[in-house]
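The following exercises are to be worked with the sequence and the coordinates at hand. Each task is followed by a solution in steps.

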Amino acid sequence: MAIMSNDIMYSNRGENEWRSPSAIALQNRFHNKADDLFSLGKMQKRLCTWMKEKTDFSASDVNNISRFLLSSEYEFARMLLRSRAESLGEIKKDVDDLYPNDNPLQLLYEKRENLIDELLKINFVSKWGNAIAEDDSWQIFARHMPWHDDYSRESIRRFFRLIGKIGIITDVLCQKASDYGINVDYSQFDEFVHEQEVARLTDERLANAIEACAEHINSHADWAVVYLVLRQYYGWNDGMEEFQRRINALKFTKKLVECKDVGKSINSKKGGWMNDRIEKWPSNKQKKFAEVFIKAINSELSK
């Protein structure tokens, strides 16, 4: 489940606080790729296996035991596993304490958004994407953490506290709640995912998707396809006049045909086939454009 994507949407900074393009890109990546970056079930298994293998010492092997217990890798594994265990109780309580009409998925999603923004304030998290790889890269990440910097001790504690919570929440959002004994009703899960998808289709992303299909927009009638795709698949409830105003207000870098006469284009089609679901349209250039446009939107949402 990919989640929201908008620089301004994610920014909880002051309006006048400048941030570098790389900081903005990292923030967007952490939110947009949260399911991949913070689902820690596999990492937990790797860490448990690693610790089991590394603790196969004889009772007299004091020097190796001491080196192991003082290593950055051991401290990383110990603190992450402990944080996940401690976070589980908190997440369970959050779900159990909900009112009957509350949606636990929405609650946890919003909580994860806030926790990720907190995590991004820690300076060494920029390399977290390397640590989550399914190999031993976490050991490199662990060795690079500022363990011996007195000023960073609180940042390290906060990092593990946040990463533990984010990890559990992510697994729940990825339909793994039963792995943790958390009771979540996933019957409306698809609707929840769709709501997040719709929220991520910002004006900038929409403009990019439209421009990616510019060769298909040769007349006013082609905008009717854009309108119907957005209405049927992405929850746009705007009337046709409002849709035209919004489209013409978008910042395009390419010269496109003006968006107008959407209603006229739809209602003038013989047989009214454009009023059907797009998947029921006859195989024509409009249906091909619709399919290409949907792919372009999904490509934008996956970034």
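**Exercise 1. Two loop residues with positive phi**

Determine whether Asp-261 is buried, partly exposed or exposed, and then do likewise for Gln-175.

Solution. The model is a predicted one.
- Step 1. Asp-261 has a relative accessibility of 35%, so it counts as partly exposed, since that class lies between 20% and 50%.
- Step 2. Asp-261 belongs to the loop that joins α14 (240–249) and α15 (262–267), and its phi is near 60°, a positive value in a residue other than glycine.
- Step 3. Gln-175, at 44% relative accessibility, is likewise partly exposed. Its place is the loop between α10 and α11, and its phi is near 65°, again positive in a residue that is not glycine.
- Step 4. For context, most residues other than glycine have a negative phi.

**Exercise 2. The sides of helix α4**

Compare the expected and actual span of α4, and establish which residues of α4 are buried and which exposed residues lie on the face turned away from them.

Solution.
- Step 1. Helix α4 (residues 41–54) has 14 residues and, at 1.5 Å a residue, should span 20 Å; the end C-alpha atoms are 20 Å apart, so the two values agree. The expected span is taken over one less than the number of residues.
- Step 2. The buried residues of α4 are Met-43, Leu-47, Trp-50 and Met-51. Because they cover an arc of only 95° around the axis, they lie on the same side of α4.
- Step 3. An α-helix has 3.6 residues a turn, so residues three or four places apart point the same way.
- Step 4. On the face of α4 turned away from the buried side are the exposed residues Lys-42, Lys-45, Lys-52 and Glu-53.
- Step 5. The packing partners of the buried residues of α4 are α5 (62–69), α6 (72–96), α8 (128–131) and α9 (137–144).
- Step 6. In α9 the buried residues are Ser-137, Trp-138, Gln-139, Phe-141 and Ala-142; their cover includes α4, α6, α8 and α10.

**Exercise 3. The nonpolar cores**

Which residues have the most contacts inside the largest nonpolar core, and which helix gives the most to this core?

Solution.
- Step 1. The largest nonpolar core has 53 residues, and those with the most contacts inside it are Phe-30, Phe-38, Phe-76, Leu-119, Trp-128, Phe-159 and Phe-160.
- Step 2. Helix α10 (residues 153–173) gives the most to this core, with ten residues.
- Step 3. Apart from this core lies another, of 36 residues, including Ala-214, Ile-217, Leu-230 and Ala-290.
- Step 4. Beyond its neighbours within four places in sequence, Leu-119 is in contact with Phe-30, Phe-38, Val-125, Phe-159, Leu-162, Ile-163 and Ile-166.

**Exercise 4. The largest pocket**

State how many residues line the largest pocket and which helix supplies the largest share of the lining.

Solution.
- Step 1. The largest pocket holds about 320 Å³ of space.
- Step 2. Its lining consists of 17 residues, of which Ser-39, Leu-40, Gly-41, Lys-42 and Lys-176 lie nearest the centre.
- Step 3. Both α3 (34–38) and α4 supply at least two lining residues; the largest share, six residues, comes from α4.

**Exercise 5. A loop alanine**

Is Ala-177 buried or exposed, and which residues does Ala-177 touch?

Solution.
- Step 1. Ala-177 is found in the loop between α10 and α11 (189–200).
- Step 2. The relative accessible area of Ala-177 is 1%, so this residue is buried, the limit being under 20%.
- Step 3. Leaving out residues up to four places away in sequence, Ala-177 touches Asp-171, Val-172, Ile-182, Val-184 and Tyr-186.

Key:
Residues numbered from 1 in each chain as written. Predicted model: local features only at pLDDT ≥ 70, side-chain atom pairs only at ≥ 80, totals over all residues. Heavy atoms only, no water. Core = buried A, V, L, I, M, F, W, Y, C linked by side-chain atoms within 4.5 Å. Buried < 20%, exposed > 50% of the residue type's maximum accessible area, 1.4 Å probe, protein only. Helix = DSSP H or I, 4+ residues; strand = E, 2+ residues; numbered from the N terminus. Contact = heavy atoms within 4.5 Å. Arc of directions from axis to C-beta. 1 Å grid on protein atoms, 1.4 Å probe; cavity = no way out; pocket = protein on both sides within 12 Å on 5 of 7 lines; lining within 4 Å. Points joined across faces, edges and corners; volume = space filled by probe spheres on them.
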